[in-house]
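The exercises below are to be worked with the sequence and the model at hand. Each task is followed by a solution in steps.

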Amino acid sequence: MKFGLLGPLHAQIAGETVPLNGPRQAKMLAALLVDANHVVTTERLVAVMWDANAPTTAVRQVQDAVSGLRRNLGACGAPGTLISTRRGGYEIHLAQEQLDLLDFDHRRHLAEQ
């Protein structure tokens, strides 16, 4: 499983590119990846998906986007536990080598030492 934020957003599982159904799913994945291994609040996801004037159905649409993202990831072989629902938001669980941003931060930290 490999995810990338540094450059074009991408997700690959077992060498297969994970399809993202539109810009909302892409924004959702990017927001979760930026804060990988931390809870991203539903409020933050609403703000990411709508710069301003979120519709009254925004929370439901966030839930639908997460559900669709989970479905697409699962269809490519991702474990069902990859994105978990947490109190007030969602969290994507990744190891350092699975996300270019985490790997970059780790290598930067090593270089600083």
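## Exercise 1: Pairing around E6

Strands E4 (40-41) and E6 (89-92) run antiparallel and are joined by two bridges. The model is predicted.

Task: Find the bridge partner of Thr41 in E6, then describe how E5 pairs with E6 and which way the residues of E6 point.

Solution.
1. Thr41 has Gly89 as its bridge partner in E6.
2. Strand E5 covers residues 83-86 and pairs with E6 over four bridges, in the antiparallel sense. One pair to locate here is Ser84 with Glu91 of E6.
3. E5 and E6 form a hairpin with two residues between the strands, where Gly88 has a positive phi near 85°.
4. From E6, Gly89 and Glu91 point one way, while Tyr90 and Ile92 point the other way. All four are buried, that is, under 20% relative accessible area.

## Exercise 2: The three-stranded sheet

Task: Give the order of the strands in the open sheet of three strands, and state which strands stand at the edges.

Solution.
1. The order is E1-E2-E3, and the pairing is antiparallel.
2. E1 (2-4) and E3 are the edge strands; each has a single partner strand, so one side of each lacks a neighbour in the sheet.
3. Three bridges join E1 to E2. Among the positions to check is Gly4, whose bridge partner in E2 is His10.
4. For E3, take Thr17, which lies in this strand. Thr17 is exposed, at 52% relative accessible area, against a cut-off of over 50%.
5. Leaving out residues up to four places away in sequence, Thr17 touches Ala11, Gln12 and Cys76.
6. Lys2 is 15 residues from Thr17 along the chain, and their C-alpha atoms are separated by 9.5 Å.

## Exercise 3: The largest nonpolar core

Task: State how many residues the largest nonpolar core has, which elements give two or more residues to it, and what Ile83 is in contact with.

Solution.
1. The core has 32 residues. Those with the most contacts inside it are Phe3, Met28, Val62, Leu73, Ile83 and Ile92.
2. Two or more residues come from each of strand E2 (10-13), helix H1 (23-34), helix H2 (42-49), helix H3 (58-75) and strand E6 (89-92).
3. H3 provides the largest share, six residues.
4. Now take Ile83. With neighbours within four places in sequence set aside, Ile83 is in contact with Leu32, Val66, Leu69, Arg70, Leu73, Tyr90, Glu91 and Ile92.
5. Two of these contacts, Leu73 and Ile92, also appear in the list of residues with the most contacts inside the core.

## Exercise 4: Positive phi outside glycine

Task: Where are Ala14 and Asn37 found, and is each of them exposed, partly exposed or buried?

Solution.
1. Begin with the expectation: most residues other than glycine have a negative phi.
2. Ala14 departs from this, with a positive phi of about 50°. Ala14 is found in the loop between E2 and strand E3 (16-17).
3. Ala14 is exposed, with a relative accessible area of 77%.
4. Asn37, also not a glycine, has a positive phi of about 70°. The loop that holds Asn37 lies between H1 and strand E4.
5. Asn37 is partly exposed, with a relative accessible area of 31%.

Terms used:
Residues are numbered from 1 along each chain as its sequence is written. This is a predicted model: local features need pLDDT of at least 70, side-chain atom pairs count only at pLDDT 80 or more; totals for chains, interfaces and linings use all residues. Side-chain values use heavy atoms; hydrogens and water are left out. A nonpolar core is a set of buried Ala, Val, Leu, Ile, Met, Phe, Trp, Tyr and Cys residues joined through side-chain atoms within 4.5 Å. Buried means under 20% relative accessible area, exposed over 50%, partly exposed in between (1.4 Å probe, protein chains only). Contact means heavy atoms within 4.5 Å. Two strands pair if DSSP finds at least two bridges between them.
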